[in-house]
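Please look at the sequence and the structure below, and then work through the questions that follow.

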Amino acid sequence: MERPKVVILGAGYGGLVTAIRLQKKMRGRELDVTLVNKHDYHYITTHLHMPAAGTDHHDHARVAIADLIDPRKIHFRKSTVLDIRPEHKEVVLEDGILSYDYLVVGLGSETETFGIPGMREYAMSIKSINSVRFIRQHIEYMFAKSKVYPKRKDYLTFVVGGAGFTGTEFVGELADRVPVLCRTYDVDPADVRIINIEASPSPLPPGLPVDLVEYGMEVMRRKGVQYRLSTVIKACTEEGVVLGSGELIRAGTIIWSGGVRGNALLQEAGFEVQRGRVKVDSCLRSYQYPNVWVTGDCAIVMSPEGTPYPATAQIAVQMGTNAARNILQTVRGKELRPFVYDYKGTVASLGRGEAVGLLKVRKVKGRFAAFLKKCIDTRYLFLIGGLPLVWKKVIFKQKYMARSRHVPN
């Protein structure tokens, strides 16, 4: 008897956890599972702000897929998805076609620019290992360039469009990195400007109490970060950003973290989408195709209040667990279990030794919150790779920090 074919697209949080849970829970060779990803590694999106700013190595934010999956149970295929054909139960890859009985789509997000002219052409985004390597090198290049052209003060102006978690955490790390870069390139710290522009009145996501937001802003201001809240960016140009008021802020570096949307392949495949994301049923399946599960940034999951949950790593991990469980329930002819989001809280880093957040309803801030942030990151590593992966990352971090103390930045 031919085994049911399960194809998982994307090794982000949702897709990878689906694969790992199937690997752990399926009986023998119960399923034929193929995981497709364009890289041979999984990267930890919530860690990318650090290598982007240069406060950590990019390898600390990625894990080889070969270290996480059992090739006897999960086939890994390094390839790029070109098309999804749900009507024919096929996925077109750059190097062939895969057929499936059950599909899990976890292809991640794309940058949402909201149609702002020039944003795609002149701004960078923190979205992948390659993008953060480029950002880091660009930042150092601008410090070096400012010494060659000392009259161009805009070369040392760094504009971050959009706050939220990504923008806030990057700004915090960049502010910590600036003193090191100033010493390395003989730059006067007074010449460096970091400006965070946010359209909403708050730099942190909704849900965090006002006192925590104010604490976070005060920490950032002490580090030299300037805020422009309730301010929209009308255009992005080669010279800088144009605000809604018409003001031009000249900048040598523009980082956009103003939003994301689901993968364009879903709309191209005929799925009904909102900003590229598919609205799923209570078991995370497409309403159009019940044999297709959608996870992570590609899915819209509604809360009991009737509003979409924000697309976060926390919910994507839980969706992956639920998708794996329900695929097995389907194959075994058992009743599916609805997805219930267990919100555990959230913590936003503010740079070295500082963070703010909520654990359920308990407020945390300062060094204790920063410690909890590290615990959350470690817990995820344990979830996907157990103690060996945690130990490997701890040793890597120690070696990198020791090397950084002896090698000029």
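Q: Is the crossing of helix 4 and helix 5 left-handed or right-handed?

A: This is a predicted model, in which local features need pLDDT of at least 70, side-chain atom pairs count only at pLDDT 80 or more, and totals for chains, interfaces and linings use all residues. Residues are numbered from 1 along each chain as its sequence is written, and side-chain values use heavy atoms, with hydrogens and water left out. Helices (H or I, at least four residues) and strands (E, at least two) are DSSP runs numbered from the N terminus, and a crossing is left-handed if the near helix is turned anticlockwise from the far one by less than a right angle, and right-handed if clockwise. By this rule, the crossing of helix 4 and helix 5 is right-handed.

Q: How do the residues of the contact of helix 4 with helix 5 divide into nonpolar, polar and charged?

A: Contact means heavy atoms within 4.5 Å, and helix 4 brings residues including Ile135, Arg136 and Phe143, while helix 5 brings, among them, Phe170, Leu174 and Arg177. Ala, Val, Leu, Ile, Met, Phe, Trp, Tyr, Cys and Pro count as nonpolar, Asp, Glu, Lys and Arg as charged, and the others, Gly among them, as polar. The residues of this contact are therefore divided into nine nonpolar, no polar and four charged.

Q: Which element gives the most to the lining of the second largest pocket?

A: On a 1 Å grid over the protein atoms alone, a pocket is an open set of points where a 1.4 Å probe fits, with protein on both sides within 12 Å along at least five of seven lines, and lining residues have an atom within 4 Å of a point. The second largest pocket is lined by 18 residues, and helix 4 and strand 17 (253-256) each supply at least two of them. The element that gives the most, with four residues, is helix 4.
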